[in-house]
Amino acid sequence: MTINSHIAFVGTPNCGKTTLFNVLTGMRKKVGNFPGITIEPSLGNVSTGEKSIAILDLPGLYSMLAASLDEELTMQVLQKGHPSIAQPHGIVFVMDATNIEKSLYLYSQVAELGIPMIIALTMVDGVKARSGVIDDIAIERLTGLSVFPIVGHKGIGLDALKQALLQDREWNIPNAPPTFEEIRDRVHWSRNTADAVLTIKEPDTVTSRLDSILLHPIGGILSFVFIMAIFFQSIFSWAIPFMDLIESGFSSLEQLALQHLPPGLFSDLIARGLIAGVGSVIVFLPQIIILNVFVVILEDCGYLARAAFLVDRFMGIFGLQGRSFIPLLGSYACAIPGIMSARIIPSHRDRMTTMLIAPLMTCSARLPVYTLIISAFIPPMIIGRFFSLQAVILAGLYILGGLTGLLVAFVMKKSMFKGDVIPFLIEFPPYRLPSLKSLFVTVSDKALDFLKSAGTVIVALSLVLWFLSAFPRMEITDSIPEIQQQQMQLEQSYAGQMGKAIAPVFAPIGFDWKLTIGVLGSFAAREVFVSVMGQLYGADTTNSDASLRETLQQTIPFASALSVLAFYVYALQCISTMGILKRETGSWKWPAFAFVYMFILAYGFAYIVHAIAS
Amino acid sequence: MILETLRNIPIGTTAILTSLEGNPVFIRRLNEMGFLPGTKFRLLRRAPFGGPVEVSYGHTRIAFRPDASVTIHIHVLS
Ligand SMILES: Nc1nc2c(ncn2[C@@H]2O[C@H](COP(=O)(O)OP(=O)(O)O)[C@@H](O)[C@H]2O)c(=O)[nH]1
Ligand SMILES: [Mg+2]
């Protein structure tokens, strides 16, 4: 798709560009597929009465000499157009009044393009708050462009800007900037010009006071831990009631469909295939929304950059940068929102590494499997007077996942994702109040995007899994109890046959064919393991897994049970994660790679555990 | 006195950047941010456990990881 008549928003990072774009245009549309980019270029519309114009939002940049994929894309679009985005007809240069020097530096390069421009001067309230004056008339004289002072999050000055965007006479080619031999000359020009147009009398005391706490060697770490604890608590616990509601809603829908449709294949497809598949997508929404709200607020208020500064050293041990911390912590609740939030990482290689190890973090879907096996096979002993053996093993599994992930990251960063264009380098933005409207637009955009691009893949894959377990059909007489009917159907199905066929592969790690089917079946989602095992062993797990626990205790050898645990620590048993990896990396290559390397880890670890235990 | 790194000087030190060597993209970006040889700056803080440093000069505050890919020479003033 090529956009032919559009203007672009260009500005330095944190200049208020996204806020301005969101309040001006509302909903947006993605342009092309740019998996490596932190802010996907998107298109919105501004209209007054009969006229309307398409606006392109591009990633922020400091300079036209790109130092990241983000900057490279913006640069390419502006200089000559990109295969999927034509060169814009006009540029709205978003100039941050509180950081005018950096803005002017970039401006001097963009002005060389000779494209008609308009200047939106943001953060003018920030200058006033520090008893400063920004001389917008001087900027007009200097640049030869129309300058519109605005306060993005409050909507001040937006109407005038909006009118101007639609009027040809407001668009001018900028005065030719001086030619610069060296970076130093350009820096000096922007510094001198900044001093001429901006006077700020007072330092930003709010920011320096907050920083003296939030970046304090001890206070900084304490507040970091506190903020991260709330962040984790919110996705791990606060999302649960909503997820339960969605799950019970969809299972009642499933029941309703089974009761009201004529029994048979069709009702099974609708209920167990389609409704269950859609439900398994919707159920991710609470965590996705909560996590994104948190990440956007942290980013917009300016804390994210500080958090990255604080943990950069720790993440650096494993070859990553500070910003990888949040996606990985989020993945402890669920890898789906975790992987989505990896967009906050500007370095492409770090971002790929982070996404590829995110599924190793112990997500909450592993918990039902862990508790089932641990409560069935590990005696409730107390060790060292205080610790319950069950709890110690559970905690061990949690730590093992994260630790292995970081070690894998280390290896990846030493090999396939070696090096970085630049190490950690960041300009701390002042602390600012986020805009609610912009937050709403960004988060609902992410949620819709998940439903559209990953959700469809997940539903399709769920239907395939349903097909494999529902075909070929068996003739089952009604006299047999329902649970046994399901058991027989599953055994006979393609999934069952496949399980039996590949069982020899899993024999060395102590899985019989039933465990193998359980593992295969749980590919829909790890927590499905419990209900698949229930079906296989003819145990009713609708209300509790107590009867399944007893059956398992009697039928599975101890070593095999431990082997299952070991396998689940590492295996990528989740089609939804693969769906989101495809979405975020732009190809099936990476989910396939993640699946294979995690399978090798899982198989190897299970093999060792099984060998030791038996 | 010329020091090889920013690692050894105490927080609050004012110094002049004398030269940057190594990773060209990193150095170019530092330069573009106004951190050029001759710049007088102050070391504001260091992240815990020897992490990145934050420096201020003019109206700018930047934080970066002075990793092995660059050598930073400075001249300590106070
Ligand atoms: N005080 C003030 N804050 C603003 C203004 N415009 C945006 N912000 C805030 O500045 C932060 C960064 O804005 P954002 O639009 O994300 O910047 P971007 O990185 O350029 O997209 C957010 O918290 C916004 O709410 C403004 O004109 N004045
Ligand atoms: Mg932003």
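**Exercise 1. How many residue pairs are in polar contact across the interface of chain A and chain B?**

Solution. This is a predicted model, in which local features need pLDDT of at least 70 and side-chain atom pairs count only at pLDDT 80 or more, while totals for chains, interfaces and linings use all residues. Residues are numbered from 1 along each chain as its sequence is written, chains are lettered from A and ligands numbered from 1 in the order in which they are written, and side-chain values use heavy atoms, with hydrogens and water left out.

Step 1. A polar contact is a pair of N or O atoms within 3.5 Å; within protein, one must be able to donate a hydrogen and the other to accept it, and residues adjacent in sequence count only if both atoms are side-chain atoms.

Step 2. With both residues at pLDDT 80 or more, the rule finds 14 such pairs between chain A and chain B.

Step 3. By class, the side of chain A that touches chain B has 20 nonpolar residues (Ala, Val, Leu, Ile, Met, Phe, Trp, Tyr, Cys and Pro), eleven charged ones (Asp, Glu, Lys and Arg) and five polar ones (the others, Gly among them).

**Exercise 2. Describe the area buried between chain A and chain B.**

Solution. Step 1. Buried area is the accessible area (1.4 Å probe) that two parts lose on being put together, summed over both.

Step 2. The value is about 2900 Å², and carbon and sulfur atoms give 61% of it.

Step 3. Phe309(A), Pro423(A) and Leu425(A) supply 21% of the area that chain A buries against chain B, more than any other three residues.

**Exercise 3. Identify the strand pairing that joins chain A to chain B.**

Solution. Step 1. Strands (E, at least two residues) are DSSP runs, as are helices (H or I, at least four), numbered from the N terminus. Two strands pair if DSSP finds at least two bridges between them.

Step 2. Three bridges link β12(A) with β5 (residues 60–64) of chain B in the antiparallel sense.

Step 3. Within this pairing, Ile426(A) stands opposite Ala63(B).

**Exercise 4. Determine which strands stand at the edges of the seven-stranded sheet of chain A.**

Solution. Step 1. The open, mixed sheet has the order β2-β3-β4-β1-β5-β6-β8.

Step 2. β2 (29–30) and β8 (147–149) of chain A each have a single partner strand, so one side of each is left without a neighbour in the sheet.

Step 3. β2(A) runs antiparallel to β3 (residues 42–48) of chain A, joined by two bridges; Lys29(A) has Leu43(A) as its bridge partner.

**Exercise 5. Locate salt bridges between and within chains.**

Solution. Step 1. A salt bridge is a side-chain nitrogen of Lys or Arg within 4 Å of a carboxyl oxygen of Asp or Glu.

Step 2. Three occur between chain A and chain B, including Arg61(B) with Asp211(A) at 2.6 Å, N to O.

Step 3. Over all chains the count is 18. Within chain A, Lys17(A) pairs with Asp57(A), the closest N and O atoms being 2.9 Å apart. Lys17(A) lies in helix α1 and Asp57(A) in strand β4, so the pair ties together parts that are 40 residues apart in sequence.
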